Structures are given as structure tokens and as C-alpha cells.
Amino acid sequence: MSADRDSVIHLPLKGSATMRLTPLTSLTPEQTELLETIVGPGVEPPPPFLVWARNMELAHWVENLGRYCRNESRFPQRLRELSVLIAARHFDSQSAWNAHIQQAVEGGVPSDCLDRLARGEDPGFKAEDERVFHAFAHEMLHDHFVTDATYAEAIGLFGEDGVLDLIGCIGSFSMSAMMLNTFHVPLRPHLPRPFADVDGFRRVPGGDA
């Protein structure tokens, strides 16, 4: 990194020792500047930041894409949160699921549908935009191709620019889910294990999904 190692801000980086990384004990000015852009000054770094900060060249691009997908895409917040959960379930990322499930429900995604999604079942979304959004994402992730029928529905609802946003959101949040699992970013404490077939960072033999 290009930042001056003699000019660092010491912060309480809690939880980093449990990850598959050497704990950070301080942040360089470059890391601090990016952190403050994301969460504001004086805020303890969230665990995902502590991973991406190991590669600042990549971290800036990851944050730009993530910020767009989280806050600026053409979808309402309800569908942005749903895209996180779809990627989290596909990649078995309990950390990502626990971090966004409440916001999704509060945003209006039916909790019973999300319960089924967590079990690896058809969520049975009744809202057309949620149903088509999930169908498109599911086909991309599981089948690697999108059927003509699903594509036509997505274009009709979201337009070509919206479909590109959908692909970008699923791609961004899939990358985050893979990162969280690879480096064993801790689950949020005191929250239930959301996937019956996953225990921490391993699949449970004979799991339900």
C-alpha cells in the first residue's frame, strides 16, 4: 500500500483475530479514508472492511460497486436487500444473511418467503417483481443460463438497464458472500443459525437443503 506506515490511526479492531487473517492493529491513512467514506469518522471498522482493506487497489473498486448496488441501483431497497439474501443463500453465507435479513423484512419482503428461501425451497413470492427477480437470479446462479421466458419477464418489468443492475447486484453480493466464507468472517453474535445445512463455515452432512 502507498500510505505512510508511520502515520496510522489506532482503532479497536474487534473480532479480527477470529478470521483467517493476521489481525490488523492499526489502519493506514489510505485505509482510514476509505473507511470514513463507507461508515463515517470514528466508527469501528465492520469485519468485511478488515478483509478488503488488505488489498486497497481492489477495495476501492469493490466499494464503488457495492455502494452502487446497495444505494443507487434502479431497484427499490426491498429488492436490493433480496439480492443480498439470494446470493447469501446460494453461497451458504450465514454472515451475509444475518446482516441483511432484518432490513429485507422491514423493507417489505415477506418473512415466510425468506424462511423458505433459507431452507433452500421455492420462496413462493407473490409480488411480481420479487418473483421475477428471484427467478432470474436463481437461473443465473444455479443453471448458469436464463430462459427466454424469464428473460422476457425481467425485461418487461425492469428494462434492459434494470436487468444489468440485477446482474451487477447479484455479482457484487456473490463476491462478498464468497469473501465472508473464505476468510471466516464471524457470524453476528446472538443471532440464530439461518441455514440448517450449514454450521459456521462448513456444510452439515445430511442437511436439509
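**Notes on a predicted helical model**

1. Let's start at the surface. The protein chain exposes an accessible area of about 11000 Å², and carbon and sulfur atoms account for 55% of it. Please keep in mind as you read on that this is a predicted model. Of the chain's 209 residues, 42% count as buried.

2. On confidence, the mean pLDDT of the protein chain is 88, with 90% of its residues at 70 or more. The stretch to treat separately is residues 1-17, where the pLDDT is below 50. Beyond near neighbours in sequence, that stretch still has 41 contacts in the model.

3. Now the overall layout. The protein chain contains eight helices and two strands. In sequence order the pattern reads α-α-α-α-α-α-α-α-β-β, with both strands following the helices. Taking contacts between residues at least 6 apart in sequence, 61% of them join residues at least 24 apart.

4. Which residues have the most contacts inside the largest nonpolar core? They are Leu82, Ile86, Trp97, Leu114, Phe133, Phe158 and Leu166, and the core as a whole has 43 residues. At least two residues come from each of H1, H2 (47-52), H3 (56-72), H4 (77-90), H5 (94-107), H6 (111-118), H7 (128-143) and H8. H8 gives the most, with seven residues.

5. A second core, of five residues, is separate from that one. Its members include Val84, Ala87, Cys169 and Phe173.

6. Ile86 is a handy residue to click on if you want to look at the packing of the main core. Setting aside neighbours within four places in sequence, Ile86 is in contact with Leu117, Phe133, His134, Ala137, Leu141 and Ile170. Phe133 is, like Ile86, among the residues with the most contacts inside the largest nonpolar core.

7. Helix H8 deserves a look of its own. H8 covers residues 148-182, which makes 35 residues, yet its end C-alpha atoms are only 34 Å apart. A straight helix at 1.5 Å a residue would reach 51 Å. Where is the kink in H8 centred? The centre is Phe158, and the kink is about 105 degrees. Phe158 also appears among the residues with the most contacts inside the largest nonpolar core.

8. A few backbone angles are worth checking in your viewer. Just after H8, His184 has a positive phi of about 55 degrees. Asp92, in the loop between H4 and H5, has a phi near 60 degrees, which is positive although the residue is not glycine. His144, in the loop between H7 and H8, is another non-glycine residue with a positive phi, near 75 degrees.

9. Are Asp92 and His144 buried or exposed? Asp92 counts as buried because its relative accessibility is 12%, under the 20% cut-off. His144 has a relative accessible area of 60%, over the 50% cut-off, so it is exposed.

10. Last, a word on Glu30, which sits in helix H1 (residues 29-39). Its relative accessible area is 21%, so Glu30 is partly exposed, with buried meaning under 20%. The C-alpha atoms of Glu30 and Ala53 are 9.3 Å apart, while the two residues are separated by 23 residues along the chain.

Key. Residues numbered from 1 in each chain as written. Predicted model: local features only at pLDDT ≥ 70, side-chain atom pairs only at ≥ 80, totals over all residues. Heavy atoms only, no water. Helix = DSSP H or I, 4+ residues; strand = E, 2+ residues; numbered from the N terminus. Buried < 20%, exposed > 50% of the residue type's maximum accessible area, 1.4 Å probe, protein only. Contact = heavy atoms within 4.5 Å. Areas by Shrake-Rupley, 256 points an atom, 1.4 Å probe, with all protein chains shown as cover. pLDDT = per-residue confidence, 0-100. Expected span 1.5 Å × (residues − 1). Bend = angle between axes of the 7 residues up to and from the residue. Core = buried A, V, L, I, M, F, W, Y, C linked by side-chain atoms within 4.5 Å.
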